[in-house]
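Student: Could we go through the charged pairs, the cysteines and the nonpolar surface of this protein one step at a time?

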Amino acid sequence: LLTFGVIILLALSCCFYIRRPRFSRSSPVTIEVICQSDDSSSVEYQLAITNQVACNTIIRTLSDAHFVGFGGKSRSWLLIHYVSGKTDCVVFAEGRDHVNCIFFHHGFYELPSEPFFKSLQDAGVDISKFRTKSPRARE
């Protein structure tokens, strides 16, 4: 009975921990946006975002995502470099619909496309190169 209780407690704590994506606690210095070509053989688009306000806005937007458990094929990713020297890799999968996008960062997470693409666009990213099924990304 004690073992069963410990397993239930462990499962509940895991569910609470993975509910939202976790990023480094230090400030992001640079966010690299990398997009593959349609045939996935080469990098089609790459941009480094160095504006501190833009980097923080993107991190806040990503932090609003919720756990979904699975995702599709990846085409785009963000490399987030922090003051501490740590780097987080956020891999974006092609979404199930036009309203949300899915990314992998220690688990699959989903977030609304509109605020995410707005934060990227405000940072100078050509979102038409970003590989998801967002209507803005495919225009």
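The questions and answers below concern a predicted model.

Student: How many salt bridges does a search of the whole structure find?

Tutor: Side chains of opposite charge can pair when their charged atoms come close. The cut-off used here is a side-chain nitrogen of Lys or Arg within 4 Å of a carboxyl oxygen of Asp or Glu. With that criterion applied to the whole structure, the number of salt bridges found is three.

Student: Which residue forms a salt bridge with glutamate 44, and how many residues apart are the two?

Tutor: The partner of glutamate 44 is lysine 129, and the closest N and O atoms of the pair are 3.5 Å apart. Glutamate 44 lies in strand β2 (residues 43-49), whereas lysine 129 belongs to the segment after α3 (113-122), so that the pair links distant parts of the chain. Glutamate 44 is partly exposed at 35% relative accessible area, and lysine 129 is likewise classed as partly exposed, at 26%. The residue asked for is therefore lysine 129, and the separation along the chain is 85 residues.

Student: In the salt bridge of lysine 86 and aspartate 88, is aspartate 88 buried or exposed?

Tutor: The side chains of these two residues, lysine 86 and aspartate 88, meet at an N to O distance of 3.7 Å. Lysine 86 has a relative accessibility of 42% and counts as partly exposed. Because buried means under 20% relative accessible area, aspartate 88, with a value of 2%, is buried.

Student: Why are aspartate 122 and lysine 118 separated by about one helical turn?

Tutor: These two residues meet through their side chains in a salt bridge, 2.8 Å from N to O. Aspartate 122 is exposed with a relative accessible area of 56%, while lysine 118 is partly exposed at 43%. The separation of about one turn arises because both residues lie in helix α3, where their spacing is four residues.

Student: How many disulfides does the structure hold?

Tutor: A disulfide would require a pair of cysteine sulfur atoms within 2.5 Å. Cysteine 55 is buried, with 0% relative accessibility, and cysteine 89 is partly exposed, with 37%. The number of disulfides in the structure is zero.

Student: What is the area of the nonpolar surface patch made by Leu1, Phe4 and Ile8?

Tutor: Phenylalanine 4 has its place in helix α1 (residues 2-18). Residues counted in a patch need over 30% relative accessible area, and phenylalanine 4, which is exposed, has 57%. Together with Leu1 and Ile8, Phe4 makes a nonpolar surface patch of about 390 Å².

Definitions and conventions
Residues numbered from 1 in each chain as written. Predicted model: local features only at pLDDT ≥ 70, side-chain atom pairs only at ≥ 80, totals over all residues. Heavy atoms only, no water. Patch = residues over 30% accessible without salt bridge, like charges linked within 9 Å, V, L, I, M, F, W, Y side chains within 5 Å. Areas by Shrake-Rupley, 256 points an atom, 1.4 Å probe, with all protein chains shown as cover. Buried < 20%, exposed > 50% of the residue type's maximum accessible area, 1.4 Å probe, protein only.
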